[in-house]
Amino acid sequence: MNTMNPSLTNTLETPEEEQVPQAEATFDDSKLEGKTVGSPFVSDPKFSLRNVEVFYGQNRAIKGISLDIAKNEVISFIGPSGCGKSTFLRCLNRMNDSIDICRVKGELTLDGNDIYDPKRDVVELRARVGMVFQKPNPFPKSIYDNVAYGPRIHGLANRKSDLDDIVEKSLRGAGLWNEVKDRLDTTGTGLSGGQQQRLCIARAIAVSPEVVLMDEPCSALDPIATARIEELISELSESYTIIIVTHSMQQAARVSHRTAYFHLGHLVEVNETNKVFTSPEHELTESYITGRFG
Ligand SMILES: Nc1ncnc2c1ncn2[C@@H]1O[C@H](COP(=O)(O)OP(=O)(O)OP(=O)(O)O)[C@@H](O)[C@H]1O
């Protein structure tokens with residue numbers, strides 16, 4: 001595709017450190033609003049998200065995004081730094097609630113029910129929609145207690161043997177059981193970075209979520225640990241809907257069914273991952289995946 005907007009092309013030829021500010025200054029992004037190209041909608045969505053806007057004080061960080069996410073889908077969110085990927089992800093289990101200046105508008109439903117209903121039990125929502133963060137963040141507790149924590153507070157096990165089963169099943173699901181089964185009472189923070197991230201995945205799946213949100217889950221990991229987590233994502237997608245924010249286009253290409261490209265708070269394109277990386281529909285997607293900015 002060689003139909004770059006001339007003002008954008010000029011911007012992209014500026015020195016690297018000036019690219020992003022100049023792109024934002026010269027590129028009129030208002031024409032992107034509500035104009036997502038590709039296939040943002042599905043027939044039987046797990047999440048239905050319509051006209052979503054997110055404000056931090058006066059700053060409109062998400063600008064009227066509409067998207068469906070299917071059951072058992074793996075979808076990647078990609079785009080330049082600051083384009084709103086994490087903000088949009090955090091709307092899905094109301095993690096933004098903890099930020100005082102943050103306001104979310106629009107219609108966001110999970111299985112047809114309003115995520116932002118004031119009567120909604122947010123603890124229950126976050127059990128259904130779990131989250132794995134960029135930096136592995138195990139509790140300073142034993143490996144066993146890290147995984148048992150959620151099932152205990154949600155009352156998922158009446159007997160110790162039930163809890164033992166959940167811990168084993170979750171650690172197996174996260175591909176960590178064989179490495180830790182003989183030291184479950186040692187501290188989770190003593191594991192390697194990749195093991196800690198798998199422990200956090202075990203902790204997330206221990207409460208039987210339906211969805212797992214992953215915000216750059218491999219950015220602190222080496223290539224071997226990253227490969228292990230990516231394998232795990234493929235395995236987990238048989239049981240869970242997975243939404244992953246990533247800066248690695250190779251990772252998005254390897255793990256996801258669809259890929260969503262964000263730009264300056266807009267959702268520019270959503271398509272089958274293969275299409276996004278081989279024949280993107282939007283010139284901004286093409287510019288990003290070919291490394292012209294971002
Ligand atoms: N807690 C916050 N308070 C105020 N503004 C915020 C907050 N978090 C994010 N923002 C702003 O919202 C916009 C989107 O940020 P966000 O972190 O969602 O982008 P991102 O695409 O995930 O970026 P990155 O790839 O760098 O993590 C940015 O302008 C950012 O400065």
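**Close-up views of a predicted model**

**Figure 1. Composition of the shell around the ligand.** By class, four nonpolar, six polar and one charged residues make up the shell around the ligand. The model shown here and in the following views is predicted. The residues surrounding the ligand are Tyr-56, Ala-61, Gly-79, Ser-81, Gly-82, Cys-83, Gly-84, Lys-85, Ser-86, Thr-87 and Ile-99. Helix H3 (residues 85-91) supplies the largest share of this shell, namely three residues.

**Figure 2. The span annotated in UniProt.** An unreviewed UniProt entry places the feature "domain: ABC transporter" at residues 47-289. Of the span 47-289, 37% is helix and 27% is strand. The C-alpha atoms at the two ends of this span are separated by 26 Å.

**Figure 3. An open sheet of four strands.** The strands follow the order S3-S2-S5-S6 and pair in the antiparallel sense. At the edges are strand S3 (59-70) and strand S6 (113-114), each of which pairs on one side only. Two bridges join S5 and S6 in an antiparallel pairing. Thr-109 has Asp-114, in S6, as its bridge partner.

**Figure 4. Two residues other than glycine with positive phi.** Arg-94, which is not a glycine, has a positive phi near 60°. Arg-94 is found in the loop that connects H3 with strand S5 (102-110). Because 17 other C-beta atoms lie within 10 Å, a count between the limits of 12 for exposed and 20 for buried, Arg-94 is classed as partly exposed. Ser-208 is likewise not a glycine, and its phi is positive at about 50°. The loop holding Ser-208 runs between helix H8 (193-205) and strand S8 (211-215). Ser-208 counts as partly exposed because it has 17 C-beta neighbours inside 10 Å.

**Figure 5. Helix H5 and its cover.** In helix H5 (residues 143-153), the buried residues are Ile-143, Asn-146, Val-147, Ala-148, Gly-150 and Pro-151. In an α-helix there are 3.6 residues a turn, so residues three or four places apart point the same way. The buried residues of H5 are covered by elements including helix H4 (122-128), helix H6 (160-173), helix H7 (177-180) and H8. After H5 comes Gly-155, with a positive phi near 60°.

**Figure 6. The largest nonpolar core.** This core contains 69 residues, and those with the most contacts inside it are Ala-202, Val-212, Leu-213, Ile-242 and Ile-243. The greatest contribution to the core, six residues, is made by H8. In soluble globular proteins, nonpolar side chains tend to be buried together. Leaving aside residues up to four places away in sequence, Val-212 touches Gly-130, Val-132, Ala-204, Ile-205, Leu-236, Tyr-240 and Ile-242.

**Figure 7. Leu-32 and its partners from elsewhere in the sequence.** Leu-32 belongs to the loop between helix H2 (16-26) and strand S1 (37-38). Leu-32 is buried, because 20 other C-beta atoms lie within 10 Å and 20 or more are required for that class. When residues up to four places away in sequence are not counted, Leu-32 touches His-263, His-266 and Val-268. Leu-32 and His-263 stand 231 residues apart in sequence, while the distance between their C-alpha atoms is 8.8 Å.

Key. Residues are numbered from 1 along each chain as its sequence is written. This is a predicted model: local features need pLDDT of at least 70, side-chain atom pairs count only at pLDDT 80 or more; totals for chains, interfaces and linings use all residues. A residue is near a molecule or strand if its C-beta atom, placed from the backbone, lies within 6 Å of it. Ala, Val, Leu, Ile, Met, Phe, Trp, Tyr, Cys and Pro count as nonpolar, Asp, Glu, Lys and Arg as charged, and the others, Gly among them, as polar. UniProt positions are given in the numbering used here, feature names are shortened, and annotations may be inferred rather than shown by experiment. Two strands pair if DSSP finds at least two bridges between them. Two residues are in contact if their C-beta atoms, placed from the backbone, lie within 7 Å. A nonpolar core is a set of buried Ala, Val, Leu, Ile, Met, Phe, Trp, Tyr and Cys residues joined through C-beta atoms within 7 Å.
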